[in-house]
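Dear colleague,

Please find below the structure that I am handing over to you. My notes on what was found in it follow directly after.

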Amino acid sequence: MISGLTPKQIVEKLDQYIIGQAKAKKAVAVALRNRIRRLQLSEEMKEEVAPKNILMIGPTGCGKTEIARRLAKLVNAPFVKVEATKYTEVGYVGRDVESMVRDLMAVGFNNVKKEMEDSMREQCGPKVEEKLLDLLLPGSGKKEKEAAGKEVKFDFIPFSGTPEDARKLMEEQNAALAAKQAEDEKKNEASADNHTREKFRQMLREGKLEDREVELVVKKQRSMPSMEIIAGGSMDDLQNGMMEIQNMLSGRNQKKKSMTVREARKYLTEEVLDSMIDPDKAGDIARERVEQSGIIFIDEIDKIATKGGVSSGVAVSREGVQRDILPIVEGSKVNTKWGVVDTTHILFVAAGAFSVSSPSDLIPELQGRFPLRVELESLKQEDFKRILTEPKNSLVKQYKALLETENLKLDITEDAINRMSELAEEVNSKAENIGARRLHTIMEKVLEEISFDADEHAGETVTVDAAYVDKKLTDLVENQDLSRYIL
């Protein structure tokens, strides 16, 4: 679910990071808001309302992927971004198209698991504390429990019998007395251990033991190998996967590791939280969220379009990928390790530059499944200027912050920003149009020397103006051969 944001508020949030592209932001905001509206309908009506999938069209660097990336942080719903080119050669080395749904389900499960862990974090504190004390004082907790669970009782019984019987009875009583004394010693030892344990507990709570080293048995950071390595991986991947399976079956997936109490607390907290969570319940909640509010962003979809009905091997493979994606977008059931996921109401947002092909080169059935089409505009000088200065963490702010770590103050004047914006538009018009990514290249070339010698100018203020920008870039811009390779 989206955290109660209206379409206008969603656009305002995106405006903090992305300049321009009002049409795309508006379309995405309405599509996301419709997810909330649909969930408030009756059950009968809810099933009939299909998601209005979006196709974003525009040159590289104009903000398509950035909109998706920011949505991932803004939207409190299962979200995954995939590249269509990963599926280009399915059957050879590509991935099964259904893996995008499995990836989305994995994101949804992890989100639900994290929410559950956050709600239980306070409850697991005492358990983690006891485990830490067991590591600091090995065996102390066990002795305490054993002593508390044992107690020897005996009574002297009046006796009248033969001397031999009396001797046997005395031996038995002496043995019982010795046993009682041994138990008393154990209790005293346990009491001393308990006193030490409580003393360590107090020190632990006061943070006095955070840097002490302890030895902990941890699981090796390896997950169950995916069966995809068998279908499309290399021989090395297959051998590594089989070795991991063998290690898991033989119990060799654990090892001893020395770490500080501070590090051990983090590890033990995650371990205890993991044991407290019901994975079946988390899977059910995640599957419901994925089916009702999940979003899949398919980037580079133009790379699987086939132009002009070409029947080459690559084109056949691309069209095959489109036909594989089609049932996922239309609505189908996909098996995952958390159960069967219905993709009928998952929202799909696709994007591509379509510089070589066009949306009409996609198969008609797939085109029909993306009813909303938004064309993003190429960036101009004014857009570049705003990109450099307006976003929350703009490029200018980033470079200033980086150099401040060297105690160097960077002053980039307004005329320098205007000049860099002008040059970015000029180079994009003469060479390949790579949009806002051109600014990264220009900024790096302008500030290369300053960044290299920053440590020698600590405590100083360096001013970058239009003349400095021209000094660094004008020759490159005018020389077409150089600008093609350098800028």
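**The second largest pocket**

The lining of the second largest pocket divides by class into 13 nonpolar, 11 polar and 11 charged residues. Please bear in mind throughout that this is a predicted model. The second largest pocket has a volume of about 830 Å³. In total, 35 residues line the second largest pocket, and Gly61, Gly63, Glu66, Ala436 and Arg437 are those nearest its centre.

Three helices each contribute at least two residues to the lining of the second largest pocket: H4 (64–74), H16 (395–404) and H18 (437–452). The largest share is that of H4, which supplies 5 residues of this lining.

**Cysteines**

You may wish to know how many disulfides the structure holds. The number is 0. Two cysteines may be described individually. Cysteine 62 counts as buried because its relative accessibility is 4%, below the 20% under which a residue is called buried. Cysteine 124 is likewise buried, its relative accessible area being 1%.

**Threonine 269**

Cysteine 124 also appears among the contacts of threonine 269. Threonine 269 is located in helix H11, which covers residues 261–276. Is this threonine 269 buried or exposed? Its relative accessible area is 13%, and threonine 269 is therefore buried, as the limit for that class is under 20%.

Within the chain, a polar atom of the side chain of threonine 269 lies 2.6 Å from the backbone oxygen of arginine 265. If residues up to four places away in sequence are not counted, threonine 269 touches Arg121, Cys124 and Val128.

**Proline 7**

The last residue to report is proline 7, which belongs to helix H1 (residues 7–15). Proline 7 has a relative accessibility of 22% and so counts as partly exposed, given that this class lies between the buried limit of 20% and the exposed limit of 50%.

Which residues does proline 7 contact, leaving aside its neighbours within four places in sequence? They are Ala29, Arg33 and Arg37. In addition, the C-alpha atoms of proline 7 and alanine 27 are 9.1 Å apart in space, while the two residues are separated by 20 residues in sequence.

With kind regards

Definitions and conventions:
Residues numbered from 1 in each chain as written. Predicted model: local features only at pLDDT ≥ 70, side-chain atom pairs only at ≥ 80, totals over all residues. Heavy atoms only, no water. Disulfide = S-S within 2.5 Å. Buried < 20%, exposed > 50% of the residue type's maximum accessible area, 1.4 Å probe, protein only. Helix = DSSP H or I, 4+ residues; strand = E, 2+ residues; numbered from the N terminus. Polar contact = N/O pair within 3.5 Å; in protein donor to acceptor, adjacent residues only side chain to side chain. Contact = heavy atoms within 4.5 Å. 1 Å grid on protein atoms, 1.4 Å probe; cavity = no way out; pocket = protein on both sides within 12 Å on 5 of 7 lines; lining within 4 Å. Points joined across faces, edges and corners; volume = space filled by probe spheres on them. Nonpolar A, V, L, I, M, F, W, Y, C, P; charged D, E, K, R; others polar.
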